Structure formats: C-alpha cells, structure tokens
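Trainee: I am new to this structure, and I would like to understand how each description of it is justified. Could we go through it step by step?

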Amino acid sequence: MTAINPDNAINFAHLRQYVGEDTLLTAEIFSLFRHQTEMWGKALDAKADDETWMSVTHTLKGTARAVGACGLADTCENAEILTGENATATARTVAVQDILNWIEAVNHRISRWEYRQTMAKLRS
C-alpha cells in the first residue's frame, strides 16, 4: 500500500487525461469529491452490515478514481472485500481509519491546489 501523504494523494496526470488544463472543471470535480466523501464518509461504519459496507466502500472507490486519488481508491477496493468471514472488527476498523486518513490527505492536496489557483489569479 502507498504511504498516506498529501503529496501523492492525487495523480494529476491521471486527472488531466479527463479534464486537460481546465481549472474550472478541475475545481468542480474537486467540489464533487468533497461533497461525496463528506456524505459517504459519515456512512462508513466498521459495524455496518455487509451490503452497506460494500456499497459505501465501492462508492468511495469510484469517487476517488474520478479525481485521481489512486491510494484512496486502492484502499477502498481492499476494504470492499471485508465481508462475510473477512469482516473482522479489527480489519474493518483499520480500513475505516485508513480511508478517513486518505480522504484527509486528498482534501489537503485539493486545498493546496486551490491556494495555488488563487495565487495565480492574484498575480495575473
């Protein structure tokens, strides 16, 4: 697993394949990411039934892939299989914490990107 770090939280090369250099579209995608992770992050519960667990982790995985947050997406993908016999309390608790840490790292990276965009506008 990739170490959780804001510097590697978003793969901008991956994101640019879909948005190019369009900063307005990038900002919109980041806004959607924040909204989705805020909403679905609240539903992320280690004690959830298997169906809810899979739905939440799968949705977060898709949201992460949309912004190029590959580490978060991979962590969610690994968490998706924590159902049935694999759904130990410890494994799910660790997965929840890892997912929340990745979301925090991605949001930190988004904030840095937004700051740079603001500074660029002020300089122009």
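Trainee: Which residues line the largest pocket?

Mentor: In this predicted model, the lining of the largest pocket consists of F12, L15, R16, V19, G20, E21, T23, T26, R109, W113 and Q117. The space in that pocket comes to about 180 Å³, and the elements that contribute two or more residues to its lining are α1 (12-19), α2 (23-43) and α5 (89-123).

Trainee: Which element gives the most to the lining of the largest pocket, and how do the residues of that lining divide by class?

Mentor: The greatest contribution comes from α1, with 4 residues. By class, the lining holds 4 nonpolar, 4 polar and 3 charged residues, where Gly is counted as polar.

Trainee: How many helices and strands does the chain have?

Mentor: There are 5 helices and 0 strands, and along the sequence the pattern therefore reads α-α-α-α-α. The C-alpha atoms occupy a box of roughly 55 × 25 × 25 Å when it is taken along the principal axes.

Trainee: What makes α3 roughly antiparallel to α4?

Mentor: Two packed helices are described by the angle between their axes and the distance between the axes. For helix α3 (residues 50-67) and helix α4 (residues 70-80), the axes come within 8 Å and cross at roughly 160°. Angles over 145 degrees count as roughly antiparallel, and so α3 is roughly antiparallel to α4. The crossing in which α3 passes α4 is left-handed.

Trainee: Which residues in α3 and α4 meet?

Mentor: From α3 they are W53, M54, T57, H58, L60, K61, A64 and R65, and from α4 they are L72, A73, D74, C76, E77, A79 and E80. The residues of this contact of α3 with α4 divide into 8 nonpolar, 2 polar and 5 charged.

Trainee: Why are α2 and α3 called roughly antiparallel?

Mentor: The axes of α2 and α3 lie 10 Å apart, and the two helices pack at an angle of about 165°. Set against the cut-off, under which angles over 145 degrees count as roughly antiparallel, that value makes α2 roughly antiparallel to α3. Here too the hand of the crossing is defined, for α2 passes α3 in a left-handed crossing.

Trainee: How many charged residues does the contact of α2 with α3 have?

Mentor: It has no charged residues, while 10 are nonpolar and 6 are polar. On the α2 side the contact is made by I29, F30, F33, Q36, T37, W40, G41 and A43, which meet S55, V56, T59, L60, T63, A64, A66 and V67 in α3.

Trainee: How do you know that α2 and α5 are roughly antiparallel to each other?

Mentor: Their axes come within 11 Å and cross at roughly 150°. Because roughly antiparallel is the term for angles over 145 degrees, α2 and α5 are roughly antiparallel to each other. In this pair α2 passes α5 in a left-handed crossing.

Trainee: Which residues in α2 and α5 meet?

Mentor: T23, T26, A27, F30, F33, R34 and T37 in α2 are in contact with I103, V106, N107, I110, S111, W113, E114 and Q117 in α5. This contact of α2 with α5 comprises 7 nonpolar, 6 polar and 2 charged residues.

Key. Residues numbered from 1 in each chain as written. Predicted model: local features only at pLDDT ≥ 70, side-chain atom pairs only at ≥ 80, totals over all residues. Heavy atoms only, no water. 1 Å grid on protein atoms, 1.4 Å probe; cavity = no way out; pocket = protein on both sides within 12 Å on 5 of 7 lines; lining within 4 Å. Points joined across faces, edges and corners; volume = space filled by probe spheres on them. Axes fitted to C-alpha atoms, helices over the stretch in contact; angles between N-to-C directions. Parallel < 35°, antiparallel > 145°, perpendicular 65-115°, else oblique. Left-handed = near helix turned anticlockwise from the far one by under 90°. Contact = heavy atoms within 4.5 Å.
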